[in-house]
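The following report describes the open and enclosed spaces of one protein chain, and then the packing of a pair of its helices.

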Amino acid sequence: MVGTPGPANLLAMSAGAQFGVVKCISFNLGLTGGKFALNLAMGFGLGLFLVNFTSLQTLVKFIGAGYMIYLALKSWNNISQPDGGEVTMGWKQGIFVHPLNPKAWVMTIIAWTEFGPQLGSFFTQLIVIPFSFAVAQIILHTSWSALGAILSRSLPNSLLLNRGLIFITVAVVIWAVIL
């Protein structure tokens, strides 16, 4: 699930297209750190807390969608420059994506409820689940950034490519919120 198209991967792809893979490392580390924190919070009972506060779930969902759409639209007029340009998505922006991402919540809940119990003790779960996600994310978010950089090299200085990736990202965010 970590590697499938979703808001975070599409943001990583868009950043890769605009700035190149190396300049996306900070953003991708932020994505990984945010998901790591979400996994720890879920392990310590955040999911149980939110079950009793459905209005808070809805609020987080819409704030998250708004934040991801904001990050995507922030670069609407940027052209793809994989070897240059000022980076506008760094660690600070990445850290909030997964805690506000509906797809990340689904993955985290499934990991803790379906796979976690088979891992044994709570301590084992607390180590295996967050770290396995982190390793997968470092590899896969970087791959999505690389794919964006490859697309950008194929269509250099393309405002159309940038806006296309933004449109796809916004559509996936809206789709995730609706489902």
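The lining of the largest pocket is made up of 22 nonpolar, 11 polar and 2 charged residues. These belong to a predicted model, in which the pocket encloses about 760 Å³ of space. Of the 35 residues that line the pocket, Q57, P102, W105, V106 and I109 lie nearest its centre. Two or more lining residues come from each of α2, α3, α4 (54-73), α6, α7 and α8 (159-178), and among these helices α6 gives the most, with 7 residues.

Besides this pocket, the structure holds 1 cavity of 30 Å³ or more. The volume of the largest cavity is about 60 Å³, and its lining consists of V2, G6, P7, A8, N9, K35, H98, N101, K103, M107, Q137 and H141. By class, the residues of this lining divide into 4 nonpolar, 6 polar and 2 charged. At least two of the lining residues are supplied by each of α1 (7-19), α6 (102-119) and α7 (122-154), and α1 gives the most to the cavity lining, with 3 residues.

The two spaces are set side by side below.

| Space | Volume | Nonpolar lining residues | Polar lining residues | Charged lining residues | Helix giving the most |
|---|---|---|---|---|---|
| Largest pocket | about 760 Å³ | 22 | 11 | 2 | α6, 7 residues |
| Largest cavity | about 60 Å³ | 4 | 6 | 2 | α1, 3 residues |

Helix α1, which gives the most residues to the lining of the largest cavity, also packs against α2, at an angle of about 170° and with the two axes 10 Å apart. Because angles over 145 degrees count as roughly antiparallel, this angle makes α1 roughly antiparallel to α2. In the contact between the helices, A8, L11 and A12 of α1 meet F27, N28 and L31 of α2, and the residues of this contact divide into 5 nonpolar, 1 polar and no charged. A8 therefore appears in two settings, since this residue is listed both in the cavity lining and in the contact of α1 with α2, where contact means heavy atoms within 4.5 Å.

As for confidence, the mean pLDDT of the chain is 85, and 92% of its residues reach 70 or more. Among the elements of the chain, helix α2 (residues 25-43) has the highest mean pLDDT, 95, whereas helix α3 (residues 46-51) has the lowest, 77. Both of these helices are among the elements that give two or more residues to the lining of the largest pocket.

Technical notes:
Residues are numbered from 1 along each chain as its sequence is written. This is a predicted model: local features need pLDDT of at least 70, side-chain atom pairs count only at pLDDT 80 or more; totals for chains, interfaces and linings use all residues. Side-chain values use heavy atoms; hydrogens and water are left out. On a 1 Å grid over the protein atoms alone, a cavity is a set of points where a 1.4 Å probe fits but cannot get out, and a pocket is an open set with protein on both sides within 12 Å along at least five of seven lines; lining residues have an atom within 4 Å of a point. Grid points are joined across faces, edges and corners, and a volume is the space filled by probe spheres set on the points. Helices (H or I, at least four residues) and strands (E, at least two) are DSSP runs, numbered from the N terminus. Ala, Val, Leu, Ile, Met, Phe, Trp, Tyr, Cys and Pro count as nonpolar, Asp, Glu, Lys and Arg as charged, and the others, Gly among them, as polar. pLDDT is the predictor's confidence in each residue, from 0 to 100. Axes are lines fitted to C-alpha atoms, for helices over the stretch in contact, and angles run from 0 to 180 degrees between N-to-C directions. Angles under 35 degrees count as roughly parallel, over 145 as roughly antiparallel, 65 to 115 as roughly perpendicular and the rest as oblique.
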